[in-house]
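User: I'd like a close look at the sheet in this one: how it is put together, what packs on it, and what sits in the core around it. Could you walk me through that part?

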Amino acid sequence: MSEHTIVHCTFERHADAILEIFNDAILNSTALYDYQPRAPQSMVGWFDAKRAGGFPVIGVEDRDGVLLAFGSYGTFRAWPAYKYTVEHSVYVHKDHRGHGLGRTVMRELIAAARQNDVHAMMGGIDATNAGSIALHEQLGFKHVGTLPEVGFKFGRWLDLAFYQLLLDTPAHPVDG
């Protein structure tokens, strides 16, 4: 991993690379249940939401500063009592899959979640994404349910599997 660097992604430096990875996933996979490529302007709101929520955007760059993979987390559901739960996502550039970059990003996200007093990390994974499911299981995530046929893409129904990792944080959770 010495030829790779873990970075905190910024709009200025990484928006275009993140957009390219997102749009490839939209057009060629069921990693995102979206149909149309995102416009460059969409990254402004995406980064604003991450900043406003105090949510990390963690990337892995090669020695030339090219973004190879990234991940983040955000609000799981909008109600206040979900404040200790986040939903994460990780994306690896199509040319760099299968080299452990997703695992590196996930480990960094888990560490950030602990540091930010998150208790539950949720991953919504297309049920046919065996690689992502195996990665989550190796990192201690448990399958907590599958929602059958909640998405429709590429002419077929998609099942969404939820994987959860419970952390030992926060030390003193509070209501309100």
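Analyst: Sure. Keep in mind that this is a predicted model. Overall, the chain has four helices and seven strands, and starting at the N terminus the elements go β-α-α-β-β-β-α-β-α-β-β. The radius of gyration is 16 Å, close to the 16 Å that the globule rule gives for 176 residues, so the chain is as compact as a globular protein of that length. Along the principal axes, the C-alpha atoms fit in a box of roughly 45 × 40 × 30 Å.

Now the sheet. Seven strands make up an open sheet, and reading across it you get β1-β2-β3-β4-β5-β7-β6, with mixed pairing. The edges are β1 (5-8) and β6 (142-153); each has a single partner strand, so one side of each is left without a neighbour in the sheet. From one strand to the next, the twist averages 25°.

Let's start at the β1 edge. Here β1 pairs with β2 (residues 57-61) in the antiparallel sense, over four bridges. If you want a spot to find on screen, take His8, whose bridge partner in β2 is Ile58. Helix α2 (residues 42-53) packs on the sheet as well, touching β2 and β3 (67-75), and its direction makes about 60° with that of β3.

Further along, helix α4 (residues 130-138) lies across β4 (85-92), β5 (120-126) and β7 (156-166). With β5, the angle of α4 is about 160°.

What fills the inside? The largest nonpolar core has 25 residues, and Ile110, Met121 and Phe141 are the ones with the most contacts inside it. At least two residues of this core come from each of β2, β3, β4, α3 (101-115), β5, α4 and β7. The largest share is the seven residues from α3.

Phe141 is a good residue to click on. Leaving out residues up to four places away in sequence, Phe141 touches His88, Met106, Ile110, Met121, His136, Tyr163, Gln164 and Leu165. Two of the core residues with the most contacts, Ile110 and Met121, are in that list.

There is also a second, separate core of 17 residues, with Val7, Cys9, Ala15 and Ile18 among them. Across the whole chain, 41% of the 176 residues are buried. Of the contacts with a separation of 6 or more, 63% are between residues 24 or more positions apart. On the outside, the accessible surface comes to about 9800 Å², and carbon and sulfur atoms account for 53% of that.

A few backbone spots around the sheet are worth a look too. In the loop between α3 and β5 you'll find Asp117, which has a positive phi of about 60° although it is not a glycine. Asp117 is partly exposed, with a relative accessible area of 38%. Glu149, another residue that is not a glycine, has a positive phi of about 50°, and Glu149 is in strand β6, one of the two edge strands. Finally, in the segment after β7 there is Pro170, joined to Thr169 by a cis peptide bond with omega about -10°.

Technical notes:
Residues are numbered from 1 along each chain as its sequence is written. This is a predicted model: local features need pLDDT of at least 70, side-chain atom pairs count only at pLDDT 80 or more; totals for chains, interfaces and linings use all residues. Side-chain values use heavy atoms; hydrogens and water are left out. Two strands pair if DSSP finds at least two bridges between them. Axes are lines fitted to C-alpha atoms, for helices over the stretch in contact, and angles run from 0 to 180 degrees between N-to-C directions. Contact means heavy atoms within 4.5 Å. The radius of gyration is taken over C-alpha atoms; the globule rule is 2.2 Å times the number of residues to the power 0.38. Buried means under 20% relative accessible area, exposed over 50%, partly exposed in between (1.4 Å probe, protein chains only). Accessible areas come from the Shrake-Rupley method with a 1.4 Å probe; for residues, only the protein chains shown count as cover. A nonpolar core is a set of buried Ala, Val, Leu, Ile, Met, Phe, Trp, Tyr and Cys residues joined through side-chain atoms within 4.5 Å.
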